[in-house]
Amino acid sequence: MTNYHHILIGIDFSSETPRVMDRGLELAETLDAKVSFIHVVEYMGYLFPPDTPFPVEFDLELQFVEKAKKDLAALMLSKGRSGVACFVEVGSATQEIVRVAEENQVDLIVLGSHGRRGIQRILGSTASGVLHTTSCDVLAVRIRAAEKSS
């Protein structure tokens, strides 16, 4: 087995997050690897026409980023992980995860995967996009239908 030194765990705050997080943390502890976390706020500018008037203080992405930072800090606290690098980025989840992994010399990315088929697979997923874009290894933690309902 490759000895991973830096593991990046993707967090999406879904109900599957604890399972993905636990899998990545178990691996990091077993390998004595550094661990970092990432959450990506998808760019939302395309949702509104360019001339849509908004109050100056209205910045939806900034609000999502601030909430994600607070939620990520709370999640780290609940897992006893203070002082761990946490990245909250804005953009394409695939592109931002790959960029952060490259910039931080990550050698394993851990993400959840729903294992979709058919048209859902054609439309793509973050795990698939990262797998086909990054130069490091990717561990896709399978999220089974039975686990989603519990």
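Is Q105 buried or exposed? At 68% relative accessibility, Q105 is exposed, because the cut-off for that class is over 50%. The model described here is predicted.

**Loop residues with positive phi**

Q105 sits in the loop that joins α3 (93–103) to β4 (108–113). Its phi is near 50°, a positive value in a residue other than glycine. F13 also has a positive phi without being glycine, here near 65°. The loop that holds F13 runs between β1 (6–10) and α1 (17–31). With a relative accessible area of 30%, F13 is partly exposed.

**The sheet**

Five strands form an open sheet in the order β3-β2-β1-β4-β5, and the pairing is parallel. The edge positions are taken by β3 (85–90) and β5. Each of these two strands has a single partner, so one side of each has no neighbour in the sheet. On average, neighbouring strands are turned by 25° against each other, direction ignored.

In the strand order, β4 stands between β1 and β5. Of the 6 residues of β4, 5 are buried, so the strand is largely enclosed by the rest of the structure. The pairing of β4 with β1 is parallel and covers 3 bridges. The pairing of β4 with β5 (residues 137–142) is also parallel and covers 6 bridges. Residue pairs that face each other across these strands are listed below.

| Residue | Opposite residue |
|---|---|
| I9 | V110 in β4 |
| L111 | A140 in β5 |
| L108 | D137 in β5 |

**Helices on the sheet**

Helix α2 (residues 60–78) packs on the sheet and touches β2 (34–41) and β3. The direction of α2 makes about 160° with that of β3. An angle over 145 degrees counts as roughly antiparallel, so α2 and β3 fall in that class. Helix α5 lies across β4 and β5 and runs at about 150° to β4.

**The contact between α3 and α5**

Two packed helices are described by the angle between their axes and the distance between the axes. For α3 and α5 (residues 126–133), the axes come within 9 Å and cross at roughly 45°. The two helices are therefore oblique to each other, and α3 passes α5 in a right-handed crossing. On the α3 side, the contact is made by A93, T94, I97 and V98. On the α5 side, T126, G129, V130 and T133 take part. By class, this contact has 4 nonpolar and 4 polar residues, and no charged residues.

T94 can be followed in further detail. This residue of helix α3 has a relative accessible area of 17% and is buried, because that class takes in values under 20%. Not counting residues up to four places away in sequence, T94 touches S125, T126, G129, V130 and T133. Among these, T126, G129, V130 and T133 also appear in the contact between the two helices. The C-alpha atom of T94 is separated by 8.6 Å from that of S128, a residue 34 places away along the chain.

In outline, β4 is paired with β1 and with β5, and α5 lies across β4 and β5. Helix α3, in turn, meets α5 through residues that include T94 and V98.

Notes:
Residues numbered from 1 in each chain as written. Predicted model: local features only at pLDDT ≥ 70, side-chain atom pairs only at ≥ 80, totals over all residues. Heavy atoms only, no water. Helix = DSSP H or I, 4+ residues; strand = E, 2+ residues; numbered from the N terminus. Buried < 20%, exposed > 50% of the residue type's maximum accessible area, 1.4 Å probe, protein only. Axes fitted to C-alpha atoms, helices over the stretch in contact; angles between N-to-C directions. Parallel < 35°, antiparallel > 145°, perpendicular 65-115°, else oblique. Left-handed = near helix turned anticlockwise from the far one by under 90°. Contact = heavy atoms within 4.5 Å. Nonpolar A, V, L, I, M, F, W, Y, C, P; charged D, E, K, R; others polar. Pairing = 2+ DSSP bridges.
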